[in-house]
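Trainee: Hi, have you got a few minutes to go through a structure with me?
Mentor: Sure, pull it up and ask away.
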Amino acid sequence: MHEISLVRNIFSTLESEFSKDELKTMTAIDMKIGLLSNVEPVLMQNAFDAVTTAEEKYQEVKLNVELVPIEIHCQPCNLNTTIESYKFACKSCGTPNNNVVKGTELLIHRVHFDSKEKMTTQGF
Ligand SMILES: [Zn+2]
C-alpha cells in the first residue's frame, strides 16, 4: 500500500532530523496534502494509525491533515484561481489553464512535541 510506505518515510525522515529523546515527546505531525498529490487523506490516516499502533514508541502520535486546494495561475490576468470540480479555467477571463501553482503538496508542515513546537517543511 502506497500510503503505508509514505508513513514509514515520514517517520524515518523525522528520525534523521530529531534526536531519540525529542521523538519520545512527539505528540503530533501536521501534514499538508494537496488535492493533486495522489494521496487519499483517509487512506493516509488509516495507514498512519496502522503504523503507530504497531510501533510502540509512536502510539501517542497523532496525524493532522490539512487539505490544500488546487490553484492555477493566469498570466495575462496575473491572478490565481482556486479550482472547484476540476474545472481548470481562470475565474476572471475564463481561459482554460492548467498552470497549477498549488495542490501538489505532500509535506510535513509542523511537528509537535510535548514542551515545544518545531517548524519543519519536508516534501516527498
Ligand atoms: Zn485569466
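Trainee: Thanks! Where does L35 lie?
Mentor: This is a predicted model, to begin with. L35 lies in the loop between β1 and α3.
Trainee: Is L35 buried, exposed or partly exposed?
Mentor: Partly exposed, with a relative accessible area of 42%. Together with L67 and Y86, L35 forms a nonpolar patch on the surface, and the three have about 320 Å² of accessible area together.
Trainee: And in which sense do β1 and β2 pair?
Mentor: Strand β1 (residues 26–34) and strand β2 (residues 62–68) pair in the parallel sense, over seven bridges. Between them the chain passes through helix α3 (residues 41–54), and this β-α-β crossover is right-handed.
Trainee: What is the bridge partner of A28 in β2?
Mentor: That would be K62.
Trainee: New topic: how many salt bridges does the structure hold?
Mentor: Four. One of them joins the side chains of R110 and D30, at 3.8 Å from N to O. R110 lies in strand β6 (residues 106–113) and D30 in strand β1, so the pair ties together parts that are 80 residues apart in sequence.
Trainee: Is D30 buried or exposed?
Mentor: D30 counts as buried, at 11% relative accessibility, while R110 is partly exposed at 23%.
Trainee: Where do D21 and K24 lie?
Mentor: Both are in helix α2 (residues 20–24), three residues apart, about one turn of the helix. Their side chains meet in a salt bridge of 3.5 Å, N to O, and both residues are exposed.
Trainee: Last one: how many disulfides does a search of the whole structure find?
Mentor: Zero. As for the cysteines C74 and C93, C74 counts as buried at 3% relative accessibility, whereas C93 is partly exposed at 39%.

Definitions and conventions:
Residues are numbered from 1 along each chain as its sequence is written. This is a predicted model: local features need pLDDT of at least 70, side-chain atom pairs count only at pLDDT 80 or more; totals for chains, interfaces and linings use all residues. Side-chain values use heavy atoms; hydrogens and water are left out. Two strands pair if DSSP finds at least two bridges between them. Helices (H or I, at least four residues) and strands (E, at least two) are DSSP runs, numbered from the N terminus. A crossover is right-handed if, with the strands pointing away from the viewer, the path from the first strand over the helix to the second runs clockwise. Patches are made of residues with over 30% relative accessible area and no salt bridge: like charges are joined within 9 Å, nonpolar side chains (Val, Leu, Ile, Met, Phe, Trp, Tyr) within 5 Å. Accessible areas come from the Shrake-Rupley method with a 1.4 Å probe; for residues, only the protein chains shown count as cover. Buried means under 20% relative accessible area, exposed over 50%, partly exposed in between (1.4 Å probe, protein chains only). A disulfide is a pair of cysteine sulfur atoms within 2.5 Å.
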